Amino acid sequence: MRKSTGKNFLPIAIDITGEKILVIGGGQSAWNKIKILKRFDADVEVIALKVCDEIKESGIPYRIKAYEKADLSGFLMVYSCTNYPEVDRQIVRDGREAGVLVNIHDQPALCQFISPAIYQKDHLRIAVTSNGTDVYGTIEARDRIKHYFENNQ
Ligand SMILES: C[C@@]1(CC(=O)O)C2=NC(=C\c3[nH]c(c(CCC(=O)O)c3CC(=O)O)Cc3[nH]c(c(CC(=O)O)c3CCC(=O)O)/C=C3\N/C(=C\2)[C@@H](CCC(=O)O)[C@]3(C)CC(=O)O)/[C@H]1CCC(=O)O
Ligand SMILES: NC(=O)c1ccc[n+]([C@@H]2O[C@H](COP(=O)([O-])OP(=O)(O)OC[C@H]3O[C@@H](n4cnc5c(N)ncnc54)[C@H](O)[C@@H]3O)[C@@H](O)[C@H]2O)c1
(Lines give C-alpha, C1' and ligand atoms only; values in the text may rest on other atoms or scores of the structure.)
(Ligands and ions follow the chains in the order given, each with its own letter.)
Protein backbone atom coordinates (compact mmCIF):
# COMPACT_ATOMS: atom_id res chain seq x y z
CA MET A 1 0.00 0.00 0.00
CA ARG A 2 1.25 3.46 -0.89
CA LYS A 3 1.31 6.56 1.26
CA SER A 4 -1.94 8.34 2.03
CA THR A 5 -3.16 11.05 -0.34
CA GLY A 6 -4.35 13.11 2.64
CA LYS A 7 -7.91 12.44 1.54
CA ASN A 8 -10.73 10.69 3.35
CA PHE A 9 -13.28 9.48 0.80
CA LEU A 10 -16.77 8.49 1.96
CA PRO A 11 -18.11 5.55 -0.04
CA ILE A 12 -21.70 6.38 -0.95
CA ALA A 13 -24.23 5.15 -3.51
CA ILE A 14 -25.70 7.88 -5.68
CA ASP A 15 -28.62 7.75 -8.10
CA ILE A 16 -27.38 9.17 -11.40
CA THR A 17 -30.41 8.24 -13.51
CA GLY A 18 -30.82 11.10 -15.96
CA GLU A 19 -28.24 13.24 -14.15
CA LYS A 20 -26.02 15.35 -16.36
CA ILE A 21 -22.41 14.20 -16.17
CA LEU A 22 -19.61 15.82 -18.12
CA VAL A 23 -16.53 13.96 -19.33
CA ILE A 24 -13.66 16.22 -20.40
CA GLY A 25 -11.30 14.43 -22.76
CA GLY A 26 -12.04 11.92 -25.48
CA GLY A 27 -9.31 9.25 -25.31
CA GLN A 28 -9.35 5.67 -23.94
CA SER A 29 -9.39 6.87 -20.32
CA ALA A 30 -12.52 8.90 -21.01
CA TRP A 31 -14.08 5.97 -22.83
CA ASN A 32 -13.38 3.69 -19.82
CA LYS A 33 -15.21 6.10 -17.49
CA ILE A 34 -18.08 6.50 -19.97
CA LYS A 35 -18.61 2.74 -20.24
CA ILE A 36 -19.08 2.52 -16.46
CA LEU A 37 -21.38 5.56 -16.33
CA LYS A 38 -23.61 4.25 -19.11
CA ARG A 39 -24.33 1.12 -17.06
CA PHE A 40 -26.05 3.44 -14.58
CA ASP A 41 -28.23 5.40 -17.04
CA ALA A 42 -26.46 8.72 -16.68
CA ASP A 43 -26.94 11.52 -19.17
CA VAL A 44 -23.30 11.75 -20.27
CA GLU A 45 -21.80 14.46 -22.47
CA VAL A 46 -18.24 14.79 -23.69
CA ILE A 47 -16.10 17.77 -24.57
CA ALA A 48 -12.62 17.29 -25.97
CA LEU A 49 -10.18 18.63 -28.50
CA LYS A 50 -10.32 15.21 -30.14
CA VAL A 51 -12.53 12.15 -29.53
CA CYS A 52 -11.74 8.50 -30.17
CA ASP A 53 -13.79 6.33 -32.55
CA GLU A 54 -15.47 4.43 -29.69
CA ILE A 55 -16.99 7.67 -28.38
CA LYS A 56 -17.92 8.85 -31.88
CA GLU A 57 -19.71 5.58 -32.57
CA SER A 58 -21.39 5.32 -29.14
CA GLY A 59 -24.07 7.93 -29.81
CA ILE A 60 -22.98 9.91 -26.75
CA PRO A 61 -23.18 13.64 -27.47
CA TYR A 62 -19.78 15.24 -27.82
CA ARG A 63 -18.47 18.67 -28.65
CA ILE A 64 -15.02 19.35 -30.06
CA LYS A 65 -13.70 22.28 -28.05
CA ALA A 66 -11.17 23.34 -25.42
CA TYR A 67 -12.43 23.23 -21.85
CA GLU A 68 -13.63 26.44 -20.24
CA LYS A 69 -15.36 27.11 -16.95
CA ALA A 70 -18.77 27.79 -18.51
CA ASP A 71 -18.81 24.15 -19.68
CA LEU A 72 -19.51 23.00 -16.10
CA SER A 73 -22.83 24.79 -15.90
CA GLY A 74 -25.76 22.47 -15.16
CA PHE A 75 -23.70 19.34 -14.43
CA LEU A 76 -23.83 17.28 -11.24
CA MET A 77 -20.32 15.99 -11.68
CA VAL A 78 -17.37 16.05 -14.02
CA TYR A 79 -14.66 13.55 -14.92
CA SER A 80 -11.46 14.97 -16.35
CA CYS A 81 -9.42 12.65 -18.55
CA THR A 82 -7.20 15.18 -20.30
CA ASN A 83 -3.85 14.24 -18.71
CA TYR A 84 -2.91 17.94 -18.72
CA PRO A 85 -2.05 19.00 -15.13
CA GLU A 86 -2.76 22.64 -15.88
CA VAL A 87 -6.22 21.87 -17.28
CA ASP A 88 -6.92 19.48 -14.39
CA ARG A 89 -6.02 22.07 -11.76
CA GLN A 90 -8.25 24.61 -13.49
CA ILE A 91 -11.15 22.11 -13.49
CA VAL A 92 -10.64 21.45 -9.75
CA ARG A 93 -10.78 25.19 -9.00
CA ASP A 94 -13.75 25.79 -11.30
CA GLY A 95 -15.64 22.78 -9.93
CA ARG A 96 -15.30 24.08 -6.37
CA GLU A 97 -16.61 27.47 -7.40
CA ALA A 98 -19.45 26.07 -9.50
CA GLY A 99 -20.46 23.39 -6.94
CA VAL A 100 -19.79 20.56 -9.40
CA LEU A 101 -18.16 17.36 -8.06
CA VAL A 102 -14.81 16.66 -9.72
CA ASN A 103 -12.92 13.47 -10.54
CA ILE A 104 -9.51 13.77 -12.16
CA HIS A 105 -8.75 10.33 -13.50
CA ASP A 106 -5.69 8.66 -11.99
CA GLN A 107 -5.07 11.70 -9.71
CA PRO A 108 -6.51 10.89 -6.27
CA ALA A 109 -4.89 13.92 -4.65
CA LEU A 110 -6.91 16.20 -6.96
CA CYS A 111 -10.19 14.29 -6.77
CA GLN A 112 -13.25 15.35 -4.82
CA PHE A 113 -14.61 11.86 -5.50
CA ILE A 114 -12.93 8.73 -6.79
CA SER A 115 -14.26 5.80 -8.79
CA PRO A 116 -14.45 2.49 -6.96
CA ALA A 117 -14.11 -0.90 -8.63
CA ILE A 118 -17.62 -2.33 -8.85
CA TYR A 119 -19.07 -5.80 -8.64
CA GLN A 120 -22.73 -5.80 -9.64
CA LYS A 121 -25.19 -8.64 -9.70
CA ASP A 122 -28.81 -7.59 -10.11
CA HIS A 123 -29.57 -5.22 -7.23
CA LEU A 124 -26.42 -6.12 -5.33
CA ARG A 125 -23.62 -3.60 -5.87
CA ILE A 126 -20.31 -3.91 -4.08
CA ALA A 127 -17.95 -0.97 -4.49
CA VAL A 128 -14.32 -1.37 -3.50
CA THR A 129 -11.97 1.51 -2.83
CA SER A 130 -8.57 1.89 -1.20
CA ASN A 131 -9.18 5.56 -0.41
CA GLY A 132 -7.21 6.22 -3.59
CA THR A 133 -4.01 4.58 -2.28
CA ASP A 134 -3.84 1.25 -4.11
CA VAL A 135 -5.86 0.90 -7.30
CA TYR A 136 -4.35 -2.49 -8.16
CA GLY A 137 -5.26 -3.86 -4.70
CA THR A 138 -8.77 -2.48 -5.24
CA ILE A 139 -9.18 -4.26 -8.57
CA GLU A 140 -7.80 -7.48 -7.09
CA ALA A 141 -10.21 -7.32 -4.13
CA ARG A 142 -13.14 -6.72 -6.50
CA ASP A 143 -12.07 -9.67 -8.63
CA ARG A 144 -11.92 -11.88 -5.51
CA ILE A 145 -15.41 -10.75 -4.52
CA LYS A 146 -16.65 -11.52 -8.01
CA HIS A 147 -15.05 -14.94 -7.88
CA TYR A 148 -16.65 -15.58 -4.46
CA PHE A 149 -20.17 -14.69 -5.62
CA GLU A 150 -19.91 -16.52 -8.89
CA ASN A 151 -18.50 -19.72 -7.40
CA ASN A 152 -20.21 -20.05 -4.01
CA GLN A 153 -23.91 -19.70 -4.72
C1 LIG B 1 -11.48 1.03 -10.13
C2 LIG B 1 -11.30 1.92 -11.35
C3 LIG B 1 -12.64 2.57 -11.64
C4 LIG B 1 -12.64 3.62 -12.75
O5 LIG B 1 -11.60 3.98 -13.34
O6 LIG B 1 -13.73 4.10 -13.03
C7 LIG B 1 -10.17 2.86 -11.04
N8 LIG B 1 -9.11 2.61 -11.80
C9 LIG B 1 -9.38 1.59 -12.67
C10 LIG B 1 -8.45 0.99 -13.55
C11 LIG B 1 -7.07 1.28 -13.68
N12 LIG B 1 -6.45 2.38 -13.21
C13 LIG B 1 -5.13 2.32 -13.55
C14 LIG B 1 -4.89 1.11 -14.29
C15 LIG B 1 -3.54 0.68 -14.89
C16 LIG B 1 -3.51 0.74 -16.36
C17 LIG B 1 -3.56 2.14 -16.91
O18 LIG B 1 -2.68 2.97 -16.60
O19 LIG B 1 -4.46 2.43 -17.71
C20 LIG B 1 -6.12 0.46 -14.36
C21 LIG B 1 -6.40 -0.89 -15.00
C22 LIG B 1 -7.13 -0.79 -16.29
O23 LIG B 1 -7.33 0.28 -16.89
O24 LIG B 1 -7.47 -1.91 -16.74
C25 LIG B 1 -4.09 3.32 -13.28
C26 LIG B 1 -4.27 4.27 -12.15
N27 LIG B 1 -5.43 4.63 -11.53
C28 LIG B 1 -5.16 5.56 -10.56
C29 LIG B 1 -3.76 5.82 -10.61
C30 LIG B 1 -3.05 6.84 -9.74
C31 LIG B 1 -2.66 6.34 -8.43
O32 LIG B 1 -2.89 5.16 -8.10
O33 LIG B 1 -2.12 7.18 -7.70
C34 LIG B 1 -3.20 4.99 -11.58
C35 LIG B 1 -1.73 4.84 -11.98
C36 LIG B 1 -1.15 3.80 -11.06
C37 LIG B 1 0.33 3.56 -11.30
O38 LIG B 1 1.11 4.43 -10.88
O39 LIG B 1 0.69 2.55 -11.87
C40 LIG B 1 -6.10 6.17 -9.70
C41 LIG B 1 -7.42 5.89 -9.52
N42 LIG B 1 -8.05 4.84 -10.13
C43 LIG B 1 -9.23 4.65 -9.51
C44 LIG B 1 -10.22 3.79 -9.99
C45 LIG B 1 -9.38 5.52 -8.31
C46 LIG B 1 -8.93 4.77 -7.03
C47 LIG B 1 -9.84 3.67 -6.54
C48 LIG B 1 -9.38 3.23 -5.22
O49 LIG B 1 -9.80 3.84 -4.21
O50 LIG B 1 -8.56 2.28 -5.10
C51 LIG B 1 -8.36 6.61 -8.61
C52 LIG B 1 -7.66 7.17 -7.35
C53 LIG B 1 -8.99 7.85 -9.21
C54 LIG B 1 -9.95 7.62 -10.34
O55 LIG B 1 -9.49 7.46 -11.49
O56 LIG B 1 -11.16 7.67 -10.06
C57 LIG B 1 -10.78 1.17 -12.61
C58 LIG B 1 -11.05 -0.34 -12.62
C59 LIG B 1 -12.28 -0.62 -13.45
C60 LIG B 1 -12.73 -2.03 -13.31
O61 LIG B 1 -11.93 -2.99 -13.46
O62 LIG B 1 -13.93 -2.19 -13.05
N1 LIG C 1 -6.06 0.27 -23.32
C2 LIG C 1 -6.62 0.90 -22.35
O3 LIG C 1 -7.57 0.46 -21.72
C4 LIG C 1 -6.11 2.25 -22.02
C5 LIG C 1 -6.68 2.94 -20.96
C6 LIG C 1 -6.21 4.22 -20.71
C7 LIG C 1 -5.22 4.74 -21.51
N8 LIG C 1 -4.68 4.04 -22.52
C9 LIG C 1 -3.63 4.61 -23.38
O10 LIG C 1 -2.95 5.59 -22.66
C11 LIG C 1 -2.75 6.74 -23.47
C12 LIG C 1 -3.48 7.93 -22.86
O13 LIG C 1 -4.91 7.81 -23.00
P14 LIG C 1 -5.85 8.86 -22.33
O15 LIG C 1 -7.23 8.63 -22.76
O16 LIG C 1 -5.58 8.89 -20.86
O17 LIG C 1 -5.29 10.22 -22.89
P18 LIG C 1 -5.39 10.85 -24.38
O19 LIG C 1 -4.21 11.75 -24.51
O20 LIG C 1 -5.62 9.82 -25.41
O21 LIG C 1 -6.71 11.73 -24.30
C22 LIG C 1 -6.75 13.00 -23.69
C23 LIG C 1 -7.98 13.69 -24.20
O24 LIG C 1 -8.09 14.97 -23.57
C25 LIG C 1 -8.42 15.92 -24.56
N26 LIG C 1 -7.98 17.26 -24.09
C27 LIG C 1 -6.72 17.63 -23.76
N28 LIG C 1 -6.71 18.92 -23.37
C29 LIG C 1 -7.99 19.37 -23.46
C30 LIG C 1 -8.62 20.61 -23.20
N31 LIG C 1 -7.93 21.69 -22.77
N32 LIG C 1 -9.97 20.72 -23.39
C33 LIG C 1 -10.68 19.65 -23.82
N34 LIG C 1 -10.13 18.45 -24.09
C35 LIG C 1 -8.79 18.30 -23.91
C36 LIG C 1 -7.75 15.45 -25.83
O37 LIG C 1 -8.37 16.01 -26.98
C38 LIG C 1 -7.99 13.96 -25.71
O39 LIG C 1 -9.26 13.63 -26.22
C40 LIG C 1 -3.27 6.38 -24.85
O41 LIG C 1 -2.18 5.91 -25.61
C42 LIG C 1 -4.26 5.29 -24.58
O43 LIG C 1 -4.45 4.43 -25.68
C44 LIG C 1 -5.12 2.79 -22.78
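In this predicted model, Ile21 stands opposite Met77 of strand S4. The two strands concerned, S1 and S4, pair in the parallel sense over four bridges. Met77 belongs to a run of S4 residues whose side chains alternate: Met77 and Tyr79 point one way from the strand, Val78 and Ser80 point the other way, and all are buried.

**The parallel sheet**

On its other side, S4 pairs with S5, again in the parallel sense and over four bridges. Within this pairing, Val78 stands opposite Val102 in S5. Strand S1 (residues 20-24) is also joined to strand S2 (residues 43-48) by five bridges, and these two strands run parallel. Here Val23 has Val46 of S2 opposite.

Together, five strands form an open sheet with parallel pairing, in the order S3-S2-S1-S4-S5. Its edges are strand S3 (62-64) and strand S5 (101-104), each of which pairs on one side only. On average, neighbouring strands of this sheet are turned by 15° against each other, direction ignored.

Helix H3 (residues 85-98) lies across S1, strand S4 (77-80) and S5, and runs at about 165° to S5.

**Two asparagines with positive phi**

Which backbone angle sets Asn83 apart, although it is not a glycine? Asn83 has a positive phi of about 70°. This residue lies in the loop between S4 and H3. Its relative accessibility is 54%, so Asn83 counts as exposed, since the cut-off for that class is over 50%.

Asn131 likewise is not a glycine and has a positive phi, in this case of about 60°. Asn131 is located in the loop between strand S7 (124-128) and helix H4 (135-151). Because its relative accessibility is 22%, Asn131 counts as partly exposed.

The C-alpha atoms of Asn131 and Ser115 are separated by 9.8 Å, with the two residues 16 positions apart along the chain. Ser115 is placed in the loop between S5 and strand S6 (117-121). With a relative accessible area of 34%, Ser115 is partly exposed. Apart from its neighbours within four places in sequence, Ser115 is in contact with Lys33, Tyr79 and Asn103. One of these partners, Tyr79, is among the buried residues of S4 described above.

**Salt bridges**

Side chains of opposite charge can pair when their charged atoms come close. How many salt bridges does a search of the whole structure find? The search finds seven, and the table gives three examples.

| Acidic residue | Basic residue | N to O distance |
|---|---|---|
| Glu68 | Lys65 | 3.0 Å |
| Glu97 | Lys69 | 2.5 Å |
| Asp143 | Arg142 | 2.9 Å |

The pair of Glu97 and Lys69 meets in a salt bridge at 2.5 Å. Glu97 lies in helix H3 and Lys69 in the loop between S3 and S4, so the pair ties together parts that are 28 residues apart in sequence. The two partners differ in their exposure: Glu97 is exposed, with a relative accessible area of 60%, whereas Lys69 counts as partly exposed at 37% relative accessibility.

In the pair of Glu68 and Lys65, joined at 3.0 Å, the acidic partner Glu68 counts as partly exposed at 44% relative accessibility. Lys65, by contrast, has a relative accessibility of 19% and therefore counts as buried, as the cut-off for that class is under 20%.

For the bridge between Asp143 and Arg142, the closest N and O atoms are 2.9 Å apart. Asp143 counts as partly exposed, at 39% relative accessibility. Elsewhere, salt bridges that share partners join Arg63, Lys65, Glu68 and Asp71 into one network.

**A nonpolar surface patch**

Leu10, Ile12 and Ile14 make a nonpolar surface patch of about 340 Å². Ile12 is placed in the segment before S1. Is this residue of the patch buried or exposed? At 59% relative accessibility, Ile12 counts as exposed.

Definitions and conventions. Residues are numbered from 1 along each chain as its sequence is written. Chains are lettered from A and ligands numbered from 1 in the order in which they are written. This is a predicted model: local features need pLDDT of at least 70, side-chain atom pairs count only at pLDDT 80 or more; totals for chains, interfaces and linings use all residues. Side-chain values use heavy atoms; hydrogens and water are left out. Two strands pair if DSSP finds at least two bridges between them. Axes are lines fitted to C-alpha atoms, for helices over the stretch in contact, and angles run from 0 to 180 degrees between N-to-C directions. Contact means heavy atoms within 4.5 Å. Buried means under 20% relative accessible area, exposed over 50%, partly exposed in between (1.4 Å probe, protein chains only). Patches are made of residues with over 30% relative accessible area and no salt bridge: like charges are joined within 9 Å, nonpolar side chains (Val, Leu, Ile, Met, Phe, Trp, Tyr) within 5 Å. Accessible areas come from the Shrake-Rupley method with a 1.4 Å probe; for residues, only the protein chains shown count as cover. A salt bridge is a side-chain nitrogen of Lys or Arg within 4 Å of a carboxyl oxygen of Asp or Glu.
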